[in-house]
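Biologist: Could you take me through the salt bridges of this protein, and say where the paired residues sit?

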Amino acid sequence: MENILNALLRANSAVSRKQWALDYKKQGGKVIGITSSYVPEEIIMAANMLPWRITGSWNHETTYAGIYRNPLSCAYCSHVLESVLNGDLDFLDGIIVADHDQDMLRLGDVIKSLKKFSFFTIIHVPYVSSEINFKFMQAELERLISELEHFNSSKVSETSIETSINTCNKMRDVLSTIYELRKSDTPPLSGAEVLGLITAAQIMPKEEFTRKLIELLPYIKSRKTSLKNIRPRIFVSSEKLDDPAYISLIEENSVVVMDDLDNGSRYFPQNVEVNSNPLYAIAKRYISRHGSPRMTAWDKQISQIITWVKEYRIDGVISLPLSWCYPQRFRLPLLKKMLQEAGIPSVSFEREYQYANVGQLRTRIEAFLETL
């Protein structure tokens, strides 16, 4: 069972992440790359295609992307563009970009102008959770469905949408169970392993991922993490963090038991509430769930983080803002203030998208852990 678990944990490693998509294409399916957790996977699945979360190049150099992008801009976007330009993403049939922020929107403009993919579109996701924006998002999903139908020459039925909703809800339920297990004194999975699971869920066919994880649950519940230290218990907040190496660095002398990550707690909580209008239900879920700093509900987001700190018995919060990620950097002062008022120790260290500046980060993280 440990070997099966490790294979799942390595699904999004640099050498393995394409395999699921390539196998899907061999069976005659199409694969659509997405750049954000705000792109509703249910719609792509209902169109009988595989949603595949794009991971940028983990190489240190972005030579090709530098031709198009300012070096003082979002590192994730630059590394994604590098993967587009060097051919790493040529297996994709199309790409959907959500306007996560203006930098992501500019990335979409460049990808569109390159004309490397048969299908490309940008969807607008409102920044505020409100009734009028739920309806606006519903209209965006209707447009997206129309474009996917034209591209794939097949109709997206209401039944197929409801089926994909149920499939994703089932996956979210299993991932919620995994996160509940992290509350124990000795978590069965390290934070790096949990990140491996979440990123695997975003590149594998949902049914297969869920089936494998359900089969592993009895084993995981009885498993003990191999980490040498299970204290202090750490909460990590970051944006576009998809390399488990960063979490492993923190866990050299601690354990990460909860997170505020787009590849973590922002991805799976809150199911789509199936009703008479499935598109409205999907729109509402994606806008009203616990969101990223690009959403305007910062006080609500940070209050949720504080609640999690208490539930998971967190000793300290580490923020790892991505270089030149403005939404997260704008939220940091308020996050620090509200955590301080709640008596929660916290610290912030800027990081690159690729695993870099390891010695410097290790020293700073160890110093913070010693204060706890």
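Modeller: What follows is a close look at the salt bridges.

This is a predicted model, in which local features need pLDDT of at least 70 and side-chain atom pairs count only at pLDDT 80 or more, while totals for chains, interfaces and linings use all residues. Residues are numbered from 1 along each chain as its sequence is written, and side-chain values use heavy atoms, with hydrogens and water left out.

A search of the whole structure finds 27 salt bridges, each being a side-chain nitrogen of Lys or Arg within 4 Å of a carboxyl oxygen of Asp or Glu. One of them joins Asp262 to Arg53, with the closest N and O atoms 2.9 Å apart. This pair links distant parts of the chain, since Asp262 belongs to the loop between β6 (255-260) and α11 (278-288) and Arg53 to strand β2 (residues 49-53), 209 residues apart; helices (H or I, at least four residues) and strands (E, at least two) are DSSP runs, numbered from the N terminus. Both Asp262 and Arg53 are buried, where buried means under 20% relative accessible area, exposed over 50% and partly exposed in between (1.4 Å probe, protein chains only). Arg53 and Asp262 are also linked with Glu239, Lys240, Asp260, Arg266 and Arg331 in a network of salt bridges.

Within helix α9 (residues 206-222), Arg211 and Glu215 lie four residues apart, about one turn of the helix, and they form a salt bridge whose closest N and O atoms are 3.5 Å apart. Arg211 counts as partly exposed at 42% relative accessibility, as does Glu215 at 47%.
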